[in-house]
Amino acid sequence: MSNNKKYLTDDINNFITTLQKPENPNFYLPAKNGVTKLGESLNLGFSNFAIKIYYTINKWENLDDIKKNNWVSNINEFQVETNDFPNNSFIDPPLLDFYKAPTVLKSAKKYIKKNLQFLNSINYESAEIEIQKMVRAETKQAISTLFQIDKKNKKKYLDFPCSELEIKKFMDSFNWDFPWNAGAHFASLCVFSKTQLDDYLFVKNKLILEKNISRYLSQDTGSYHTQSVSSSDEVINGAMKIISGLDWLNSEIHYPDKLIDFCLNNSSKDEGCHITDITYVFYQCLKITDHRKSEVIKYLNLLKERIYTHYFPQYGGFSYYLNKSQQYYYGGKITNGQNVPDIHGTLLFCWALAMIDKATEQNNLNWKVLKP
């Protein structure tokens, strides 16, 4: 088993290396083949993905300090002072240009409905609002990535809701029938509060955030949503987002037993986010309860088998979809969806395998679990 662990770790490391861009080895392509022009032009998100993969498989610590510091500097170069967005946001110019393209703006509602899968919302707002959401998500990812490796963003990002009234208004602005989207923005506030505020302000924000998320707590599912939640997938994926936020706050999950019951009764789709989300929910719940533990472990082992059907041993990476690479990044088409591994799928499934390894107490991989 130790040899298998070593081979898997080294193969994934080698795969990520093959995605490096020649002009800057800290920037990465999204997939092995079939990359679009937009996919070739983006840098910030895939660079964050690569850091998280190296961290998970214990390769980040092997990099020399010069490499690490240069990489962190490259990430921080995307932080900009601007009047168009919250000051000191992280912005990848090609992604912003894509959103601002006339064809996208003109058909915003139709486009967003079809392609912005990460939003999962029936409130198809103006393209300008969707751009704001994208920038906030990119900023959250960059800040959380740097925090994961004990680094910081160059300048503090403080332009986010902090007062009780602002936080309540912000959270109520989302459609909680679709908690995967709404929960992601709650999680962003938790990340910003933990990483950008002084300790006494963080404590204040923590109490406000805990109070507000409890308004959406369902005693039936143990998740966080309205009574008219759109689907079981939304219940599980939304729970993942909320729990990740609670983890940043160091706050407790309200009804872990009920969440376990719901997840065991509702299987996940065979896609990177769905498999990883339900794994994360189980992983966090098992930290605080032994409720149906043997059943959860059995389920996680089945998920592990499904994960390996996405693996390409000839390349050393995972594909987001079964036999197809991830095609979109915040709505922009980054690949043609060929039967090859991609950086997003590899990140999600490495993270999921690390969680399964620890939750099942097998400790074969001994990889690190990310703080999303």
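This passage describes helix H11, the nonpolar core, and several individual residues of a predicted model.

Helix H11 comprises the 15 residues 199-213, and at 1.5 Å a residue these should span 21 Å, a value with which the 21 Å separation of its end C-alpha atoms agrees. The residues of H11 that are buried are Phe202, Asn205, Ile208, Leu209, Asn212 and Ile213. When the helix is viewed down its axis, these buried residues fall within an arc of 130°, so they line one face of H11. This arrangement can be set beside the general geometry of the α-helix, in which there are 3.6 residues a turn, so residues three or four places apart point the same way. The face of H11 turned away from the buried side carries the exposed residues Asp199, Tyr200 and Leu207. The packing partners of the buried residues of H11 are three helices, namely H9 (164-172), H10 (179-196) and H12 (232-249).

The largest nonpolar core has 112 residues, and within this core Ile16 and Phe186 are the residues with the most contacts. Helix H16, which covers residues 343-359, gives the most to this core, contributing twelve residues. In soluble globular proteins, nonpolar side chains tend to be buried together. When neighbours within four places in sequence are left aside, Phe186 is in contact with Leu209 and Ile213, both of which are among the buried residues of H11. Under that exclusion, the further contacts of Phe186 are Met171, Trp176, Ile242, Gly245, Leu246 and Leu249.

Two residues of intermediate accessibility were also examined. Phe147 is found in helix H8, which spans residues 127-148, and its relative accessibility of 32% places Phe147 in the partly exposed class. Although Phe147 and Val191 are 44 residues apart in sequence, their C-alpha atoms are 9.6 Å apart in space. With neighbours up to four places away in sequence left aside, Phe147 is in contact with Thr195 and Trp248. Leu158 lies in the loop between H8 and H9 and, at 47% relative accessibility, likewise counts as partly exposed. The C-alpha atom of Leu158 is separated by 9.4 Å from that of Ser89, a residue 69 places away along the chain, while the residues that Leu158 touches, not counting those up to four places away in sequence, are Gln196 and Leu197.

Thr335 is placed in the loop between strand S8 (332-333) and H16, and with a relative accessibility of 0% this residue counts as buried. The side chain of Thr335 reaches the backbone oxygen of Gln326 at 2.7 Å and the backbone nitrogen of Gly337 at 3.1 Å. Apart from residues up to four places away in sequence, Thr335 touches Pro30, Ala31, Gly34, Val35 and Thr36, together with Ser325, Gln326 and Gln327.

A search of the whole structure for disulfides finds zero. For Cys162, the closest cysteine sulfur is that of Cys190, and the distance of 12 Å between the two sulfur atoms is too far for a bond. Cys190 is correspondingly in no disulfide, its nearest cysteine sulfur being that of Cys162. Both cysteines are nevertheless classed as buried, Cys162 because its relative accessibility is 19% and Cys190 because its relative accessible area is 0%; the value for Cys162 is to be read against the cut-off for burial, which is under 20%.

Note on methods: Residues numbered from 1 in each chain as written. Predicted model: local features only at pLDDT ≥ 70, side-chain atom pairs only at ≥ 80, totals over all residues. Heavy atoms only, no water. Helix = DSSP H or I, 4+ residues; strand = E, 2+ residues; numbered from the N terminus. Expected span 1.5 Å × (residues − 1). Buried < 20%, exposed > 50% of the residue type's maximum accessible area, 1.4 Å probe, protein only. Arc of directions from axis to C-beta. Contact = heavy atoms within 4.5 Å. Core = buried A, V, L, I, M, F, W, Y, C linked by side-chain atoms within 4.5 Å. Polar contact = N/O pair within 3.5 Å; in protein donor to acceptor, adjacent residues only side chain to side chain. Disulfide = S-S within 2.5 Å.
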